[in-house]
Structures are given as C-alpha cells and as structure tokens.
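Visitor: Pick one charged side chain, please, and walk me through its surroundings in detail. I'd like to see how that spot fits into the rest of the fold.

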Amino acid sequence: MLLNTQHEVQPVMLVRMTPQGPEFARWRINNGEDAIAMFLDVASAQKYQDSLQERGWKVWKPTVLELLTVFRGCLQLGIHNAVLEPDISSAKRIFSIQDLVMAGDSLAKE
C-alpha cells in the first residue's frame with residue numbers, strides 16, 4: 001500500500017506553479033488518460049524532470065496529508081490514476097487515485 005507511512009515509500013513528485021495554481025507532472029497511460037507521476041526517490045524525479053519540455057518543475061516530497069489533498073484535487077479535475085516511476089515508454093505501476101484516497105482515509109481513522 002502506497003500510503004502506509006510505516007512500511008511503504010513516501011513518493012516524490014514534480015510540481016510547478018502556474019497562474020491557475022500548482023501543476024503536477026503527468027504521464028500518459030496507454031488508453032490516452034493522463035496520470036499523476038510519482039517517483040521513489042529524488043534522482044528518479046530529476047531524471048523525469050530533465051525529459052519534460054516545460055521548465056519550472058521542482059522536486060517535492062509531500063506528506064501523506066498533502067498527498068491526499070493532491071489526490072482529491074486530481075479527482076475533481078478528472079484525473080483518476082497515478083503512476084509510479086514513469087519514463088518515456090513505461091511505468092512500474094498504475095494506481096487508482098480513488099483507491100488511494102479511500103485507503104488514506106481509512107488510515108486516518110485508525
């Protein structure tokens with residue numbers, strides 16, 4: 001489980017500020033949908049950052065609560081997936097953002 005802070009990874013993300021607010025790096029899934037890009041470490045995030053055409057991206061290590069806030073915002077924007085360790089052609093894993101939010105909410109109740 002991605003959000004269990006005792007035993008699992010704390011993802012790293014790429015974010016940049018736009019006039020509309022924060023924008024998070026994305027990756028395109030085979031079905032054409034955008035997914036939020038997440039990384040296991042800063043080095044992987046920086047490598048992906050170097051491949052992006054747009055500039056202004058910053059590496060960010062969100063807390064679990066910040067991550068849940070981002071995920072909820074993604075759902076409101078119609079982004080339903082997150083990917084772990086994407087590169088130009090593949091990603092290690094695809095996650096349902098709805099499932100991650102539900103898991104995070106259940107952790108918060110414990």
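Guide: Let's start with a term: a residue is called buried under 20% relative accessible area, exposed over 50%, and partly exposed in between, using a 1.4 Å probe and protein chains only. By that yardstick Arg16, at 17% relative accessibility, counts as buried.

A word on ground rules. This is a predicted model, where local features need pLDDT of at least 70, side-chain atom pairs count only at pLDDT 80 or more, and totals for chains, interfaces and linings use all residues. Residues are numbered from 1 along each chain as its sequence is written, and side-chain values use heavy atoms, with hydrogens and water left out.

As for confidence, pLDDT is the predictor's own score for each residue, from 0 to 100. The protein chain averages 89, and 89% of the residues score at least 70. Strand β5 (residues 58-60) has the highest confidence, at 97, while helix α3 (residues 97-109) has the lowest, at a mean of 84.

Back to Arg16, which sits in strand β1. Helices (H or I, at least four residues) and strands (E, at least two) are DSSP runs, numbered from the N terminus. Setting aside neighbours within four places in sequence, Arg16 is in contact with Gly21, Pro22, Glu23, Glu54, Arg55, Gly56 and Trp57; contact here means heavy atoms within 4.5 Å.

Two of those partners deserve a closer look. Arg16 makes a salt bridge with Glu23, with the closest N and O atoms 2.9 Å apart. The term covers a side-chain nitrogen of Lys or Arg within 4 Å of a carboxyl oxygen of Asp or Glu. Glu23 itself is partly exposed, with a relative accessible area of 25%. Then there's Arg55: its backbone oxygen lies 3.3 Å from a polar atom of the Arg16 side chain.

Now zoom out to the sheet. Three strands make up an open sheet in the order β2-β1-β5, with antiparallel pairing. Because β2 (21-24) and β5 stand at the edges with a single partner strand each, one side of each is left without a neighbour in the sheet. Neighbouring strands are turned by 45° against each other on average, direction ignored. Two strands pair if DSSP finds at least two bridges between them. Strand β1 (residues 13-18) and β5 have three bridges, again in the antiparallel sense; Met13, for instance, has Trp60 in β5 as its bridge partner.

There's a helix to place as well. Helix α1 (residues 42-51) lies across β1 and β5, running at about 150° to β5. For that angle, axes are lines fitted to C-alpha atoms, for helices over the stretch in contact, and angles run from 0 to 180 degrees between N-to-C directions.

How many salt bridges does the structure hold? Three. Away from Arg16, Arg26, Arg28 and Asp34 are linked in a network. Asp34 reaches Arg26 with the closest N and O atoms 3.3 Å apart, and its side chain meets Arg28 at 3.1 Å, N to O. In this network Asp34 is partly exposed at 23%, Arg26 is partly exposed at 34%, and Arg28 is exposed at 52%.

So, to circle back: Arg16 counts as buried at 17%, and it pairs with Glu23 in a salt bridge.

How values were computed
A polar contact is a pair of N or O atoms within 3.5 Å; within protein, one must be able to donate a hydrogen and the other to accept it, and residues adjacent in sequence count only if both atoms are side-chain atoms.
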